[in-house]
Amino acid sequence: MTLLRLPGLVDAHVHLREPGYTHKEDFYTGTCAALAGGVTTVLDMPNTSPPTSTPERLAEKARLAAAKAVADVGLFVGATNTELDAYLPAAEQACGLKIYVSDTFGSLRIDELGALHRLFRTWAERRESSPAGLGPIAVHAEDLMLPACLALSQLYRVPLHVVHVSRRSEIELIRRAKEQGLPVTCEATPHHLFLSQDDLPRLGPRGDMRPRLATPDDVAALWEHLEVIDVFATDHAPHTLAEKTAPEPPPGVPGLETMLPLLLTAVHAGRLELADILARCVENPRRIYRLPEQPETFVEVDVDARFVLEDAAMQTKVKWTPFAGWEVFGRVERVVLRGKTVFAGGQVLARPGSGRVLFQPTGATAIS
Ligand code: NCD
Ligand code: ZN
């Protein structure tokens with residue numbers, strides 16, 4: 001047994017499904033899954049029902065998270081075609097703005113230049129007039145929407161974070177944009193790093209997510225461009241197995257509990273260094289999203305422990321993983337958050353509400 005002590009990880013892209021889809025996940029089960037995966041901060045996406053597109057809905061979501069979360073939670077706001085930038089008065093209470101310009105799950109799709117232009121312009125204006133500044137615009141922008149978002153970010157000098165990059169053309173374009181000094185960062189998910197289209201026959205609907213699994217050459221391109229990838233994030237997007245096996249299955253796969261063992265297994269295989277993980281799962285997301293430090297917080301991992309990932313062992317409400325059957329290294333033995341042991345021996349020990357909701361006015365978060 002070799003126990004390694006790591007800082008609590010950040011997962012900068014999760015869908016905890018509350019409100020509206022709590023049969024898939026909620027702030028308690030989703031943050032339990034986070035702790036089991038060594039993650040002590042999650043950034044939650046706005047494609048809930050209703051979507052997080054107004055100040056009132058953001059406040060309501062913050063209340064729900066404050067009552068139930070066992071890890072710290074930052075909340076994104078999102079734009080809809082009808083409400084557009086209604087969230088602006090509460091922009092400072094969000095970790096960032098999420099814009100979906102490509103095919104996705106939920107009602108938050110923006111695919112028309114007029115709307116997109118307005119969203120970049122108003123976020124940039126708000127950012128300039130806000131004393132503490134604002135987080136980035138995070139975009140789900142595949143294919144030709146990527147250069148459109150890169151151009152808007154350059155024109156408005158607003159930081160752009162490209163979520164779940166999956167293709168060679170996209171990572172090459174982002175490398176070029178960075179070389180030219182554009183204010184862009186990007187993220188890749190474990191499923192796009194470790195799975196490809198070749199896995200689809202085996203995975204069936206468990207392999208369906210947006211962006212879709214790409215070709216082995218696209219996967220190779222992500223590994224070749226590791227230096228361009230700022231963040232590893234899971235895009236934890238749980239749907240029940242009944243939903244995934246129904247005629248029109250929703251896209252998305254859970255990921256919070258499998259990211260760290262998959263990455264540590266890559267370290268074991270000599271494909272990654274531990275420092276690569278810490279940069280992309282702690283330091284860079286903290287800088288990009290301006291997240292506070294978590295004092296007296298750490299994760300103990302037995303990096304020699306070898307085990308098989310199993311559906312039934314998952315804390316997520318949907319109890320499955322596309323990596324079921326994979327043999328991995330690196331078991332999370334204990335998680336300590338602000339001096340308290342919150343996870344040990346495979347069990348969550350924290351009380352609901354002991355997690356904090358980030359970026360809220362003082363007094364709005366639960367006392368831990
Ligand atoms: C996400 C979901 O289910 O919320 N699905 C997915 O396939 N990634 C939505 C998204 O991130 O596009
Ligand atoms: Zn997502």
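The protein in this predicted model has 11 helices and 13 strands. Its C-alpha atoms fill a box of roughly 55 × 50 × 40 Å, taken along the principal axes. For 368 residues, a compact globule would have a radius of gyration near 21 Å, and the 19 Å of the protein agrees with that expectation. Buried residues make up 61% of the 368 residues, and, among the contacts with a separation of 6 or more, 74% are between residues 24 or more positions apart. The accessible surface comes to about 13800 Å², and 53% of this area belongs to carbon and sulfur atoms.

**The zinc site**

Which residues hold the zinc ion (ligand 2) as protein donors? They are His13 and His15, each through NE2, and Asp235 through OD, and these donors lie 2.0 to 2.1 Å from the ion. In sequence, the donor residues are spaced H-x1-H-x219-D. The pair of histidine 13 and aspartate 235 therefore links distant parts of the chain, since histidine 13 belongs to strand β2 (residues 9-14), while aspartate 235 sits in the loop between β9 (231-232) and α9 (241-244), 222 residues apart.

Are these two residues buried or exposed? Histidine 13 has 0% relative accessibility and so counts as buried, and aspartate 235, at 6%, also counts as buried, because the cut-off for a buried residue is under 20% relative accessible area.

Why is the arrangement around the zinc ion (ligand 2) called irregular? The four donor atoms subtend angles of 88 to 144 degrees, whereas four donors count as tetrahedral if all angles lie between 85 and 135 degrees. For comparison, the ideal angle for four tetrahedral donors is 109.5 degrees.

**Unusual backbone angles**

Most residues other than glycine have a negative phi, and most peptide bonds are trans. The table lists places in this model that depart from that pattern.

| Place | Backbone feature | Value |
|---|---|---|
| Serine 49 to proline 50 | cis peptide bond | omega near 0 degrees |
| Arginine 210 to proline 211 | cis peptide bond | omega about -10 degrees |
| Aspartate 235 | positive phi | about 50 degrees |
| Lysine 319 | positive phi | near 55 degrees |

Proline 50 is found in the loop between β3 (39-44) and α2 (55-68), and proline 211 in the loop between α7 (200-203) and α8 (216-224). Aspartate 235, already met as a donor of the zinc ion (ligand 2), is in the loop between β9 and α9. Lysine 319 lies in the loop between β10 (298-308) and β11 (327-337), and with a relative accessible area of 40% lysine 319 is partly exposed.

How values were computed: Residues are numbered from 1 along each chain as its sequence is written. Chains are lettered from A and ligands numbered from 1 in the order in which they are written. This is a predicted model: local features need pLDDT of at least 70, side-chain atom pairs count only at pLDDT 80 or more; totals for chains, interfaces and linings use all residues. Side-chain values use heavy atoms; hydrogens and water are left out. Donors are N, O and S atoms within 2.8 Å of the metal (3.2 Å for Na, K and Ca); water is not among the atoms, so sites may look incomplete. Four donors count as tetrahedral if all angles lie between 85 and 135 degrees; four count as square planar and six as octahedral if opposite donors are over 155 degrees apart and all others between 65 and 115; anything else is irregular. Helices (H or I, at least four residues) and strands (E, at least two) are DSSP runs, numbered from the N terminus. Buried means under 20% relative accessible area, exposed over 50%, partly exposed in between (1.4 Å probe, protein chains only). The radius of gyration is taken over C-alpha atoms; the globule rule is 2.2 Å times the number of residues to the power 0.38. Contact means heavy atoms within 4.5 Å. Accessible areas come from the Shrake-Rupley method with a 1.4 Å probe; for residues, only the protein chains shown count as cover.
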